[in-house]
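Visitor: I'd like to take a close look at one part of this model with you. Could you walk me through it once it is on screen?

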Amino acid sequence: MTALGPHSAYILASYAISLAVVLGVIVWVLADQRRQKRALSDLEARGITRRSRGKAAREQAAADQTAGERTA
């Protein structure tokens, strides 16, 4: 601790707080990603799809969903 000088406690606390904040943001982003994917899956299960998808892609997604339900 002497290499950091007399302010070593402040420096180490700053690094610890920064690390905690970065890890918190990473966990929050991953949790939000899972929540958004689940919401998107729920919408697609109800037949609500994105407008940008073409008709063929919507039909393929419906076929994939039907095949997934058969295997489950």
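Visitor: Is Asp32 buried, partly exposed or exposed, and what is its relative accessible area?

Guide: Happy to help, and please keep in mind that this is a predicted model. Asp32 is partly exposed, with a relative accessible area of 26%. For reference, buried means under 20% and exposed means over 50%, so a value of 26% falls in between.

Let's look at the partner of Asp32. Arg35 forms a salt bridge with Asp32, and the closest N and O atoms of the pair are 3.3 Å apart. In general, side chains of opposite charge can pair when their charged atoms come close. Arg35 is also partly exposed, at a relative accessible area of 44%. Both Arg35 and Asp32 belong to helix 1, where they sit three residues apart, about one turn of the helix. An α-helix has 3.6 residues a turn, so residues three or four places apart point the same way. The count of salt bridges comes to one.

Now for the helix that carries this pair. Helix 1 runs over residues 8-45, which makes 38 residues. At 1.5 Å a residue it should span 56 Å, and its end C-alpha atoms lie 55 Å apart, so the expected and computed spans agree. After helix 1 comes Gly47, with a positive phi near 90 degrees.

Several other residues help to trace helix 1. Ser8 is found in this helix, and with a relative accessible area of 12% Ser8 is buried, because that value is under 20%. From Ser8 to Arg34 there are 26 residues along the chain, and their C-alpha atoms are separated by 39 Å. Leu12 has its place in helix 1 too, and at 36% relative accessibility Leu12 counts as partly exposed. Between the C-alpha atoms of Leu12 and Leu23, eleven residues apart along the chain, the separation is 16 Å. Val22 lies in helix 1 as well and is partly exposed, with a relative accessible area of 46%. Val22 and Arg34 are twelve residues apart in sequence, and 19 Å separates them in space, C-alpha to C-alpha.

There is a nonpolar side to the story as well. Ile17, Val21, Val25, Trp28 and Val29 form a nonpolar patch on the surface, and together they have about 510 Å² of accessible area. Val29, one of these residues, lies in helix 1 and counts as partly exposed at 42% relative accessibility.

Stepping back to the whole chain, its secondary structure comes to two helices and zero strands. The radius of gyration is 23 Å, well over the 11 Å that the globule rule gives for 72 residues, so the chain is more spread out than a compact globule. Along its principal axes, the C-alpha trace spans about 65 × 30 × 15 Å. Buried residues make up 1% of the 72 residues. The accessible surface of the chain comes to about 6400 Å², and carbon and sulfur atoms account for 62% of that.

To return to your residue: Asp32 is partly exposed, and its salt bridge partner in helix 1 is Arg35.

Definitions and conventions: Residues are numbered from 1 along each chain as its sequence is written. This is a predicted model: local features need pLDDT of at least 70, side-chain atom pairs count only at pLDDT 80 or more; totals for chains, interfaces and linings use all residues. Side-chain values use heavy atoms; hydrogens and water are left out. Helices (H or I, at least four residues) and strands (E, at least two) are DSSP runs, numbered from the N terminus. The expected span of a helix is 1.5 Å times one less than its number of residues. Patches are made of residues with over 30% relative accessible area and no salt bridge: like charges are joined within 9 Å, nonpolar side chains (Val, Leu, Ile, Met, Phe, Trp, Tyr) within 5 Å. Accessible areas come from the Shrake-Rupley method with a 1.4 Å probe; for residues, only the protein chains shown count as cover. A salt bridge is a side-chain nitrogen of Lys or Arg within 4 Å of a carboxyl oxygen of Asp or Glu. Buried means under 20% relative accessible area, exposed over 50%, partly exposed in between (1.4 Å probe, protein chains only). The radius of gyration is taken over C-alpha atoms; the globule rule is 2.2 Å times the number of residues to the power 0.38.
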